[in-house]
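Visitor: Please choose one part of this structure and examine it closely. I should like to know what packs against it.

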Amino acid sequence: MANSSLSLRFTIIFSLSLSTAYSFSSSSSSSPVFFKPFSLSSRPKAPKATPSDILTLLGDTRRASTVDPSVANELNSCFKFLAPFTPNGLKMVPQSCSHRKSLCFNTNGARTRTEENELIWWPPQSVLDLARFAFDSRQNTEAFHLALDPTVIPVPDVEGSKEDRCQLTRTPYGFRFISEEFNSYLEFLFDLIVARAPAVGLNVSLNRYDFFHGHLFLDTDSGRLGILFHAKEYPAFDKEVFPYNMGYCQKGSNVTYDDSMNLRNILWLAPLPSDSTEAWEASGVLVVLDARPGGIIYRDIVPEYVKFVRTIYEDDFGEVVADVNYLDVGDVSPNYQLFIC
């Protein structure tokens with residue numbers, strides 16, 4: 001959650017053991033014989049899903065095959081793709097917009113659905129360059145900040161947030177990436193999610209109560225760059241369905257707490273570079289993670305203390321690099337700007 005989200009974390013540990021010993025004396029022996037104690041803990045435990053399993057399944061098919069089949073089947077049922085999933089998509093390098101060198105538009109100033117999909121699978125060159133840079137420097141995530149323009153940008157009032165004493169961002173200032181193309185690509189992701197999410201049951205709006213931020217992370221194991229977006233950030237207080245006080249930033253919210261909360265975690269993954277060549281192991285991904293009660297994500301990955309808001313935490317996927325905020329700072333008409341904090 002954002003800066004003012006609930007921060008309490010606790011762990012509840014259950015332990016249960018049962019052991020029973022039986023003994024008897026044989027008529028031909030004076031020594032008692034004991035059967036091996038039986039314990040519930042000796043029963044094989046069902047494998048649990050991890051955030052790493054999610055990243056592995058959304059990579060190439062070779063690595064995906066290493067995930068326990070039962071876990072893989074359940075996780076796959078929780079993936080709601082906003083662009084078709086193309087594992088081992090190396091053969092799908094697009095031809096219509098030469099190697100994704102730019103954020104292409106057609107002659108009408110719009111993109112086709114296929115062009116949008118291609119921008120997910122194979123982003124512009126600046127995004128690919130950053131993905132490879134992150135891959136090569138994954139043991140030193142601080143180096144990632146070299147991609148930021150050092151100009152400090154104060155975060156202005158956002159839809160009356162200052163009057164409510166609400167600070168939406170991690171810090172009261174932010175930055176932008178040196179590459180304006182990469183900045184534009186991040187804005188493209190926000191807009192595409194808003195446009196396509198209703199098709200999987202998630203209606204979101206770009207505003208300070210609902211959808212305005214994501215968390216840029218680097219999986220230090222695989223070297224893959226990603227963003228975990230959070231929608232439905234501040235549901236409205238309701239003593240019947242959502243009796244939780246989330247602080248100043250919740251004041252005035254019109255976000256309804258309903259089943260769409262299950263879909264509030266949205267994952268973007270950059271293409272995954274190859275470890276041995278200049279090629280790519282996997283194409284990009286944009287997917288909604290369904291954390292419905294009874295599902296494996298809800299059961300195994302959402303922490304107990306935030307199950308009521310279905311939050312998956314970004315640091316469970318890897319090293320958090322920065323927060324990506326897309327905020328409406330307009331006075332009269334909407335004016336969305338990007339702030340990297």
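Guide: A crossing of two helices is left-handed if the near helix is turned anticlockwise from the far one by less than a right angle, and right-handed if it is turned clockwise. Helix 4 passes helix 6 in a left-handed crossing, and helix 6 is the part to be examined here. The model is predicted, so local features need a pLDDT of at least 70 and side-chain atom pairs a pLDDT of 80 or more, while totals for chains, interfaces and linings use all residues. Residues are numbered from 1 along each chain as its sequence is written, and side-chain values use heavy atoms, with hydrogens and water left out.

Helix 4 covers residues 113-121 and helix 6 residues 180-196; both are DSSP runs (H or I, at least four residues for a helix; E, at least two for a strand), numbered from the N terminus. Their axes come within 12 Å and cross at roughly 125°. The two helices are therefore oblique to each other (under 35 degrees is roughly parallel, over 145 roughly antiparallel, 65 to 115 roughly perpendicular, and the rest oblique). On the side of helix 4, the contact (heavy atoms within 4.5 Å) is made by R113, E116, N117, L119 and I120. Helix 6 contributes Y185, F188, L189, L192 and R196.

Two of these residues, Y185 and F188, also pair with each other through their rings. Their ring centres are 5.5 Å apart and their planes stand at 40°, so the pair is tilted (centres within 6.5 Å make a pair; planes under 30 degrees apart are stacked, over 60 edge-to-face, and the rest tilted). Because Y185 and F188 are 3 residues apart in helix 6, about one helical turn separates them. Both residues are buried (under 20% relative accessible area, with exposed over 50% and partly exposed in between; 1.4 Å probe, protein chains only).

Helix 6 also takes part in a second aromatic pair, formed by F190 and F229. The ring centres of F190 and F229 are 5.1 Å apart and the planes lie at 85°, so this pair is edge-to-face. Since F190 belongs to helix 6 and F229 to strand 7 (residues 224-230), the pair ties together parts that are 39 residues apart in sequence. F190 is buried, with a relative accessible area of 0%, and F229 is buried as well, at 1%. These two residues form one aromatic cluster together with F211, Y326 and Y336. In the whole structure, a search finds 18 aromatic pairs.

Notes
Axes are lines fitted to C-alpha atoms, for helices over the stretch in contact, and angles run from 0 to 180 degrees between N-to-C directions. Rings of Phe, Tyr and Trp (its six-membered ring) pair if their centres lie within 6.5 Å; planes under 30 degrees apart count as stacked, over 60 as edge-to-face and the rest as tilted.
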